[in-house]
Amino acid sequence: MGCFKGVVAVGYINEAIDEGNPLRTLETLLLPTANISDVDPAHAQHYQDVLYHAKSQKLGDSESVSKVLWLDEIQQAVDDANVDKDRAKQWVTLVVDVNQCLEGKKSSDILSVLKSSTSNANDIIPECADKYYDALVKAKELKSERVSSDGSWLKLNLHKKYDYYYNTDSKESSWVTPESCLYKESWLTGKEIEAFWKGYKQRKEYMHRRQTFIDNTDSIVKIQSWFRMATARKSYLSRLQYFRDHNNEIVKIQSLLRANKARDDYKTLVGSENPPLTVIRKFVYLLDQSDLDFQEELEVARLREEVVTKIRANQQLEKDLNLMDIKIGLLVKNRITLEDVISHSKKLNKKKGGEMEILNNTDNQGIKSLSKERRKTLETYQQLFYLLQTNPLYLAKLIFQMPQNKSTKFMDTVIFTLYNYASNQREEYLLLKLFKTALEEEIKSKVDQVQDIVTGNPTVIKMVVSFNRGARGQNTLRQLLAPVVKEIIDDKSLIINTNPVEVYKAWVNQLETQTGEASKLPYDVTTEQALTYPEVKNKLEASIENLRRVTDKVLNSIISSLDLLPYGLRYIAKVLKNSIHEKFPDATEDELLKIVGNLLYYRYMNPAIVAPDGFDIIDMTAGGQINSDQRRNLGSVAKVLQHAASNKLFEGENEHLSSMNNYLSETYQEFRKYFKEACNVPEPEEKFNMDKYTDLVTVSKPVIYISIEEIISTHSLLLEHQDAIAPEKNDLLSELLGSLGEVPTVESFLGEGAVDPNDPNKANTLSQLSKTEISLVLTSKYDIEDGEAIDSRSLMIKTKKLIIDVIRNQPGNTLTEILETPATAQQEVDHATDMVSRAMIDSRTPEEMKHSQSMIEDAQLPLEQKKRKIQRNLRTLEQTGHVSSENKYQDILNEIAKDIRNQRIYRKLRKAELAKLQQTLNALNKKAAFYEEQINYYDTYIKTCLDNLKRKNTRRSIKLDGKGEPKGAKRAKPVKYTAAKLHEKGVLLDIDDLQTNQFKNVTFDIIATEDVGIFDVRSKFLGVEMEKVQLNIQDLLQMQYEGVAVMKMFDKVKVNVNLLIYLLNKKFYGK
């Protein structure tokens, strides 16, 4: 029963604590059943505060099971509060007694007051009583001076939580802030009083100890010396043992420190505006060309040649396969064309079998195979193509001098060949410079309004898009779009049809299929009529929802893959935006970004979404194709994205899609950010780290692979438009064209004896030889030559190489110090040893990568002679303003530092290029394998056609040798018609200079010849034979394919091509 009462009391106490009423809490603490001892009613507020704090802590403790205070916890809180109460009283006594003693000037009582009021009387030093008093008096006087009005309340903070207040006049105390509380600020506080006596005690102890040290200085020094020795020895032995135990770790740390030092030096080399010679010397070894460098250069050259050759071979295969598609399409309409299909198939198989590789083998048909007298011409061509490659203005002007159809072919062949399809960093950089120059020229001369770029078909834009769609086999679009496009195609349940009329017709067909009865609904309806049916509306809304969902996927794929967008395309977008803005400064940001969107989305991405099979976005097996539903789904997505990219809403005939207009506006904002960020790219010089010296410091010279036909074609075009692209007589291009003279023929280009003059197939042989690819090692006409007559740029290169040789072997803080200090014998020996090692490396260097003879001779000079030559060169360079002796030739040292940085970057780029070329080659090989698969598929198709023809025993036997039918085979009978009959059938439309009523007097005899698909047509007027023409069914089918509806026979008879083909099929092949 007692236990139960105790629990009840605990409940009352906790309720009172929660209420926050001190008096209520005091009442519950005094309950007999609670049995709480030492409760002082005068301190009810403090009990409330302490108990509330204890309960709050318990509630905040996640490990505590109970959330109430039990009797033992309550008793502990009361005891803690009583301790606080006693401490507060002791503090009040100390403050009151000391301050009253100071005010009463009772210096003799200060010691007793301090001892009686402090918790530890031993802290008080009797000898310091006077000093205590003086210090306290001075502190009180100082504090009193700062007080203008003084109250009567003292305040003590306990545990940084509870405040205790005491009134010195009324002796009243409180645990809550009293009303109208003014503090007695002139009195010293307890902390201030304690600080004085504790400070004096510590000061006295310090002085005593110091005097002890002074009295025993000699002994202390000995003790310290011994201790330091013992400690040092112990520390040394311990550290030595530690090093032995951690030898491997120490080596790593030392290596790390050295690496950090080298890294700091390299940061200085890279980041400093004027790197010191001492730092440059540490890194000149990076300029050395190792065997690995040469091997990588040769491998890059080999892979680049393979890539370019493979690209050209694949392009030709693709053209032939497209033509094969057309021919097979024509074959389906007329069996007689099978012979032509077989002929074309043979050509494809020859190319597949390696004929193209033989044709393009530059080892067999390279520069070395040409006659000696053609050598000079070839060297001039090498200089010509180097000039065209490095000076984009010539080609930019040439492009716009030609008709568009001719310039397109020129770009697709010669220009991309000239830049090796941008197969390395240098050529991509130069190609971009051409694109930039040509685009600026086109905008400057041909764009009159901002919208001309969008509504027209700019040559350069078309060229840029075509190139970036994967001319190098790197189909970025595939990475960008393939996953999401494949997902759309693979979703068999996805049906998107936003054409209300088509939705209506599909619904009617579905009803008829389900019921088996003809629908009473009209079949032909307008868009407005179709939208009146709820079923059509529902299906349309479902399509729109699906369209929005899949469009989001494609949009997210595009937006999140900005980094995949080719740098070249982004840079041209930047150039386009800036050039348009420069010509049309009033154009708004939105207008400029729409033009960027027209390039990046509409021209580059949109066709690939609509026809992914045509742009290598997805893999298609030979004979496979995308069905109409899949094509429509993709087309619908492309249409929405196109409207969004151009910020064009659905209106007019697309009014039924207006519910998507808000979506279009939101999507445009996403596109807008994307287009703006796409233009945020560095300049090519920064991206590719290129400048005017790049070609002079690289190991290998640029090489292009170009056919003789393309060389001759380029030469011819340059001569034809020379006045427009190089009007000045002293222009470099004019000078080179003058050296080359007239455009050579293929035979004269190759030299006498290249082709047998008696060869009956001479024209065909020359045509084949004109496609022979040769490698041209491009060189500048003003490259470094042997001799002293060189320009300042070449002199700078030679001087840098000499300086590098010197600073390797002779130390010094500045270049002038090294040049003025004579070399020692040992330095000369070290230098000679280095030059011997270099000569051995040079002997293994491929011919095309070797330096000029003058540089090789300079390298063999002794150290002192090199220094004298450097001094002469520096004086010459100073006269031209390239260097200055005032800054101790720091300019040329900065150039060397730049070469070191570029060489390191070049090596990294070369390794990346190797990987990139290998990846490109693999992609090209896969593409070639796909083409071969298509060729095999077509072969199978043709064989099947032949087998079917043999089984059906058609009227004509078709032989693979194309010689027609064997002797004795039955030939189709001639067909005779009057012009009137043919006019009645619609085959004959009109005869010049002859009235319709005279058509009955004209007859036509159509006779099948021995050659398959060839017909003789004879015309007679009143029985008299007039003329004869030959008709080739292949020509007729080609005209039909190209959409030609009417043709002329005999130069006066107009006939309907489609009906003529139908007539021939019906009368001669039973179709």
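**View 1. Surface and overall make-up of the protein chain.** About 57,600 Å² of the protein chain is exposed, with carbon and sulfur atoms supplying 50% of that area; accessible areas come from the Shrake-Rupley method with a 1.4 Å probe, and for residues only the protein chains shown count as cover. This is a predicted model, in which local features need pLDDT of at least 70 and side-chain atom pairs count only at pLDDT 80 or more, while totals for chains, interfaces and linings use all residues. Residues are numbered from 1 along each chain as its sequence is written, and side-chain values use heavy atoms, with hydrogens and water left out. The protein chain holds 43 helices and twelve strands (DSSP runs numbered from the N terminus: helices H or I, at least four residues; strands E, at least two). Of its 1071 residues, 44% count as buried (under 20% relative accessible area, 1.4 Å probe, protein chains only).

**View 2. Surroundings of Ser543 in helix H23.** Ser543 lies in helix H23, which covers residues 534–559. Ser543 counts as buried because its relative accessibility is 6%. Neighbours within four places in sequence aside, Ser543 is in contact with Ile495, Ile496 and Asn497 (heavy atoms within 4.5 Å).

**View 3. The open sheet S7-S12-S11.** Three strands, in the order S7-S12-S11, form an open sheet with antiparallel pairing (two strands pair if DSSP finds at least two bridges between them). Strand S7 (988–991) and strand S11 (1046–1049) are the edge strands, each pairing on one side only.

**View 4. Pairing of S11 with S12.** Four bridges join S11 to strand S12 (residues 1053–1056) in the antiparallel sense. Met1049 has Val1053 in S12 as its bridge partner.

Terms used:
Buried < 20%, exposed > 50% of the residue type's maximum accessible area, 1.4 Å probe, protein only.
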